[in-house]
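Me: I would like to learn how to read helix packing and strand pairing. Please take me through one example.

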Amino acid sequence: MQTATFFDKLSSLPFFEDQIVHIEKLPELPPRYEKVRSGMQPTMEQALQRLGIRELYTHQAQSIDLIHEGLSIVVVTGTASGKTLCYTIPVVETLARDPRATMLFIYPTKALAQDQLRGLATFQDSHEAITFMAGTYDGDAPTNQRRKLRDGGNIILTNPDMLHQGILPQHARWNRFFSNLKFVIIDEVHAYRGVFGSHLANVTRRLHRICGHYGAKPQWICSSATIANPQEHAERICSVRMHLVNDDGSPKGAKHFVLWNPPPFEAAAAGAQDSWRVGGDRRSSMGEAVKLLTALVQEGVQTIAFVRTRLAAELIYKDARDQLSCISPHLAQAIQAYRGGYLPEERREIERKLSRREILGVASTNALELGIDIGSLDACLLVGFPGSIASLWQQAGRAGRGLEESVVFLIAQNAPMDQYLMAHESYLFARNAEQAVVDPHNPHIVVGHLKCAVHELPLSSNDIDLFGPYAEALLDLLKEDKDVRHIDDKYYFASSEYPASGVNLRNIAGPVYTIQDSFRGRQVIGTVDEISALSQLHTHAVYLHGAETYFVNRLDIDQKIAHVEKRQLDYYTQSVQAAEIAIDEKESEEPWRNGLLGFGDVVVTTSITMFKKIKFHSRASLGYEDLDLPPQSLETVSLWFAPPVHLRNLLREHELLLGEALIGIANVMLEVAPSFVMCDTSDIGVVVDAKNLGQDTIFLHDRSPGGMGYARRCLESFDQIMLTIKEVIGNCVCLDGCPSCVGSALPAYATRDLDSAVRGRIPGKKAADYLLRELFG
């Protein structure tokens with residue numbers, strides 16, 4: 001891509017109004033190579049040469065040496081750095097020595113497993129002496145293929161869900177495979193965080209028991225994008241000692257990283273210079289993304305636009321296609337959306353067309369953030385800060401694979417963290433990635449896996465410690481419910497159910513809703529979890545799928561079905577919710593800057609009371625409609641902060657309200673906290689409440705039953721989080737509060753998460769600013 005030429009052309013386009021705040025040029029990095037000290041088999045060296053690989057990068061050689069020593073490793077390098085070779089080479093060498101050896105490859109998605117299978121096939125094709133049976137074992141594989149792989153396969157590529165539900169409970173049929181198991185590979189281990197990662201950590205503990213039962217002790221190999229705690233995270237997931245490899249020797253092409261801030265409406269109208277310094281409501285980041293995407297596609301630049309939600313992906317797809325259809329119907333057909341909820345065959349077709357460059361522009365959720373091979377893209381649009389430095393660089397790495405020049409645009413939202421980054425570019429380019437968080441001992445998660453473990457093999461007293469400090473108490477509960485029996489120092493399964501079917505690895509609990517097109521023979525067009533169904537598929541909601549609008553005739557909560565029909569509509573819908581919080585048990589309370597900082601168990605009750613209709617393109621409100629949906633209760637953990645009494649009095653003396661100050665701080669906190677804890681804004685919630693402590697208090701809670709550790713990590717970083725909030729609010733040049741600081745009528749997490757609920761009006765900035773300045777002296 002000729003970035004200089006594109007920038008020249010960009011400045012002459014009608015929508016360009018000095019939105020570029022900063023361009024960071026990341027230099028080209030040459031490759032660094034290293035020899036494998038322990039040597040490689042001649043067959044492998046010949047195969048690599050036939051594949052055009054004559055030298056190995058430093059991290060590849062170092063990984064292979066450690067694996068040859070029998071050690072378990074985690075490889076942490078950038079996107080498209082060749083991590084796959086780090087484990088593929090020793091795996092194939094092992095198979096050459098022992099044709100009976102077996103390997104288990106675990107990928108977070110079916111698509112990634114299919115993609116890696118194609119990579120393994122190139123090794124088989126490269127040398128006649130390399131022969132093995134490999135295949136994907138998942139829900140999409142035909143029954144006869146699964147049986148063939150189980151009985152004779154060397155390399156099984158699967159996902160955590162199939163391992164959990166289809167392999168471990170049926171381990172007796174897999175005795176050949178487990179008896180000869182030499183390697184367990186977990187690719188993209190950074191993706192396993194929060195609920196999903198905590199579930200996988202328990203699945204691997206069950207896997208350890210099965211391996212021990214069949215006398216196997218495999219090596220564990222993980223690959224990861226850059227995070228702050230890769231070794232600790234991999235060890236928590238795998239329950240084995242890991243050795244870290246992070247000396248990335250892969251080449252990097254020059255990359256231009258552009259900070260792009262949509263101008264405020266008043267600045268755009270008046271032609272103001274330095275519009276990024278102006279507070280107030282800004283033009284839509286999605287509108288800017290559509291313009292940039294269509295401009296890049298018209299230049300033949302293959303581009304991916306990353307968004308935070310499914311709905312945002314569909315809106316950008318629809319708007320870009322509409323704009324291009326007026327210019328070139330052919331180019332309009334070269335735009336596509338990619339997200340969860342599409343059927344597998346739809347996603348495979350999009351991936352195929354991307355790799356063949358039949359698609360020039362794609363609007364995607366983070367479903368394409370992982371290492372699926374979709375070819376070398378030229379440009380990447382990040383529509384809003386993705387919530388963590390780690391995700392930002394993972395998504396940006398999708399552009400410019402190899403030594404090709406590329407460009408990345410970070411398009412700021414009307415959100416506090418985004419505007420902070422526009423004013424502090426050094427924060428973005430100097431900050432290290434965050435820590436991945438999992439809580440394998442969460443009792444809401446462990447209890448299901450204990451039932452699965454006892455179902456798979458009787459559980460001895462020695463095995464109980466594998467499942468954490470609450471395991472014994474949970475087993476007592478299962479014994480009371482007659483799910484297990486305790487006989488001669490072992491626990492045996494005593495129920496007729498199939499426990500794995502009751503444990504969803506992607507959620508702690510909750511059913512899945514089916515979306516049926518009532519006018520096409522009840523064809524299923526997608527699935528969502530219960531929380532998403534209530535907020536996105538309530539009766540009279542508008543659901544977007546494939547850039548088409550579907551009207552929800554009825555949400556059947558009993559049958560878990562949303563009945564929809566395709567309609568030509570010029571608006572979409574957004575739910576409005578209210579939350580109440582109650583402290584159940586206090587774990588700790590201590591002074592913080594003369595106020596009170598606490599942590600403990602809470603119950604959060606959420607009600608979706610109405611929804612808003614919003615017109616496409618103009619985003620104008622078309623009114624509200626009431627809803628009658630059952631409230632949702634969540635038992636979780638939270639931190640809370642109550643400011644000191646003397647500051648409440650000082651605020652009153654200045655005719656400012658403490659509650660107003662805390663609402664503004666809460667809006668910013670929801671944006672800032674994920675940059676200290678590797679999570680999404682949807683993983684945490686904030687509530688301002690006065691009933692629990694008898695005074696206005698701000699709460700930050702996990703949005704998972706029992707908590708995932710996010711609130712606790714935020715407690716540990718509370719001083720830094722509050723200091724950053726102070727800078728975000730204090731540095732905004734608006735006078736009374738705006739979307740860039742204390743919040744908005746379409747607040748921080750609703751503008752970037754269009755599936756979420758709306759919190760309300762803009763609170764006053766002065767109260768929040770005054771409170772923070774007084775807290776920090």
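Me: At what angle do the axes of helix 3 and helix 4 cross?

Reply: Bear in mind that this is a predicted model. The axes of helix 3 (residues 58-68) and helix 4 (residues 83-97) cross at roughly 40° and come within 8 Å. Angles under 35 degrees would count as roughly parallel, so helix 3 is oblique to helix 4.

Me: Is the crossing of helix 3 and helix 4 left-handed or right-handed?

Reply: The crossing of these two helices is right-handed.

Me: Which residues of helix 3 and helix 4 make the contact?

Reply: Helix 3 contributes His59, Gln60, Ser63, Ile64, Ile67 and His68. From helix 4 come Leu85, Cys86, Tyr87, Ile89, Pro90 and Glu93. By kind, the residues of this contact are seven nonpolar, four polar and one charged.

Me: Now the strands. In what order do the three strands of the open sheet lie?

Reply: The order is 15-17-16, with antiparallel pairing. Strand 15 (459-460) and strand 16 (484-487) are the edge strands, each paired on one side only.

Me: How many bridges join strand 15 and strand 17?

Reply: Two bridges join strand 15 to strand 17 (residues 490-493), and the sense is antiparallel. To find a bridge on the model, start at Leu459, whose partner in strand 17 is Tyr491.

Me: Which strands does helix 21 lie across?

Reply: Helix 21 (residues 471-480) lies across strand 15, strand 16 and strand 17. Relative to strand 16, helix 21 runs at about 110°.

Terms used. Residues are numbered from 1 along each chain as its sequence is written. This is a predicted model: local features need pLDDT of at least 70, side-chain atom pairs count only at pLDDT 80 or more; totals for chains, interfaces and linings use all residues. Side-chain values use heavy atoms; hydrogens and water are left out. Axes are lines fitted to C-alpha atoms, for helices over the stretch in contact, and angles run from 0 to 180 degrees between N-to-C directions. Helices (H or I, at least four residues) and strands (E, at least two) are DSSP runs, numbered from the N terminus. Angles under 35 degrees count as roughly parallel, over 145 as roughly antiparallel, 65 to 115 as roughly perpendicular and the rest as oblique. A crossing is left-handed if the near helix is turned anticlockwise from the far one by less than a right angle, and right-handed if clockwise. Contact means heavy atoms within 4.5 Å. Ala, Val, Leu, Ile, Met, Phe, Trp, Tyr, Cys and Pro count as nonpolar, Asp, Glu, Lys and Arg as charged, and the others, Gly among them, as polar. Two strands pair if DSSP finds at least two bridges between them.
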